[in-house]
Amino acid sequence: MMEVLKENNFFEKITEMDTPAIVYNLDYVRNVIDTIESDIFHHVKDTDRVKLFYSCKANSNPKIIHFLNKYIDGFDVASEFEYKKIKTICEKGNTISYTSPFIDKEILQEIYSDGNLFDFNSISQLMANAELISNKEIGLRINMDLREVNETILGNKSRFGVYYLDDRLEKIIKKNFLKIKKLHIHTGEKSASIMEDIINRTEKILANPLFEDVETVDVGGGLINLYKKRESIKEFWSIIDVFLEKHPKINIVVEPGSLIVALSGYLISSIAELDYTIDGRKANITLDTSRHNLFTWNKPNLIFPKKVDNEKGFECNINGCTCYELDFFMRSVHLDINSIYPQQKFIFGPVGAYVKSNSKSLHDYPFPKEYYFSEGSIERNEVDDEF
């Protein structure tokens, strides 16, 4: 998909911008959505029963939400603030899926007044709101004890979700005349084998009469590694296809937030200060933005200027602009000596997901201005400043 970014001289144009700035390539976002939809079309027979949602925690930038609203089936949110933002931006557009370990009673009432469901995260959450949801349809976030565990998949060690065999669950459901209409499953990054495990365990859940009213199974996101390799895409979607054939009354929701926006975003920064060690063998570069403030979950790659072989380049430390010692982008990287001078532009990527939502403001540095690239043009939407 890098070819999409090279079209319309994208990188050449963003190097001309004032810094610091982040540019989102909306052409690339559309290309990712088209790719997902093409894969669904080729590997799933009943495509109408696969719903593409966007997880807002990846990036809730208003312009991006506006853009996505035309191409997806719904949004996944996890706070009242995300919920209200989506409602404001999309008005009566797509479905909103909402699950969270905390829910205010007033917001819960608003959710149901709007015609949406809340996917309850725990037994205690169900008990605390039993009077409000009596005789209503609900969703449940499910805690799954998967075979494969890693740093993003905690299985039954996760604090999120209800264990479907918990005796208390059946009592609450029957006592309050509730109908479980949706299962919501978040398990971190997926592979075809993890998806197969999820589906097998979902089958066991659906075999329980308590879940006979389920109409939607939301399998969450975590597709970015799967799509980077593209080795198991057919197998992944085929597993979903088989499940849909077995359950003609159930829809599947996927909500790939990071996959949709991560690779669309690029940070443009400039050299603000340039210093050299006493022996003159290493440069300390300070940029006009801070890695510490921007990057909590990811470490962006240096795209420009290009790194060179050690014997051909000059050794550099690339630092952020705060007074925090560990605020650095890269250490002991080798660059062409001709690319090291005041105001030289640096481009890092990808920064489209989990950057603004996880950003900090040490020394009150503001978040970089955000811009959008579409069909050869770069624009800034001032509506961003309203949120």
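Trainee: In which element is Phe-314 found?
Mentor: Phe-314 is found in strand S13. Strands (E, at least two residues) and helices (H or I, at least four) are DSSP runs, numbered from the N terminus. This is a predicted model, in which local features need pLDDT of at least 70 and side-chain atom pairs count only at pLDDT 80 or more, whereas totals for chains, interfaces and linings use all residues. Residues are numbered from 1 along each chain as its sequence is written, and side-chain values use heavy atoms, with hydrogens and water left out.

Trainee: Why is Phe-314 called buried?
Mentor: Its relative accessible area is 19%. Buried means under 20%, exposed over 50%, and partly exposed in between (1.4 Å probe, protein chains only). The value for Phe-314 falls under the first limit, so the residue is buried.

Trainee: Which residues is Phe-314 in contact with, leaving aside neighbours within four places in sequence?
Mentor: Contact means heavy atoms within 4.5 Å. Among the partners of Phe-314 are Tyr-276, Arg-281, Val-333, Leu-335 and Ile-337. Ile-337 is 23 residues from Phe-314 in sequence, yet their C-alpha atoms are 5.7 Å apart.

Trainee: Why is Phe-177 called exposed?
Mentor: Phe-177 has a relative accessible area of 57%, and this is over the limit for exposed, so the term applies. Phe-177 lies in the loop between helix H9 (167-175) and strand S7 (179-184). It has a positive phi of about 55 degrees, although it is not a glycine.

Trainee: How do you know that Gln-343 is exposed?
Mentor: At 54%, the relative accessible area of Gln-343 is also over that limit, and the residue is therefore exposed. Gln-343 belongs to the loop between strand S14 (328-335) and strand S15 (345-349), and its phi is positive, about 75 degrees, although it is not a glycine.

Trainee: What makes H3 oblique to H12?
Mentor: Helix H3 (residues 26-43) and helix H12 (residues 233-246) pack at about 60 degrees, with axes 9 Å apart. Axes are lines fitted to C-alpha atoms, for helices over the stretch in contact, and angles run from 0 to 180 degrees between N-to-C directions. Angles under 35 degrees count as roughly parallel, over 145 as roughly antiparallel, 65 to 115 as roughly perpendicular, and the rest as oblique. The angle of about 60 degrees falls among the rest, so H3 is oblique to H12.

Trainee: Why are H10 and H12 called roughly parallel?
Mentor: The axes of helix H10 (residues 192-206) and H12 cross at roughly 15 degrees and come within 8 Å. That angle is under the limit for roughly parallel, and the term therefore applies.

Trainee: What is the handedness of the crossing of H10 and H12?
Mentor: The crossing is right-handed, as is that of H3 with H12. A crossing is right-handed if the near helix is turned clockwise from the far one by less than a right angle, and left-handed if anticlockwise.

Trainee: Which residues of H3 meet H12?
Mentor: Ile-36, Asp-39, Ile-40 and His-43 in H3 meet residues of H12, including Trp-237.

Trainee: Which residues have the most contacts inside the largest nonpolar core?
Mentor: Trp-237 is one of them, with Tyr-54, Ile-138, Leu-140, Phe-211 and Ile-318, in a core of 104 residues. A nonpolar core is a set of buried Ala, Val, Leu, Ile, Met, Phe, Trp, Tyr and Cys residues joined through side-chain atoms within 4.5 Å.
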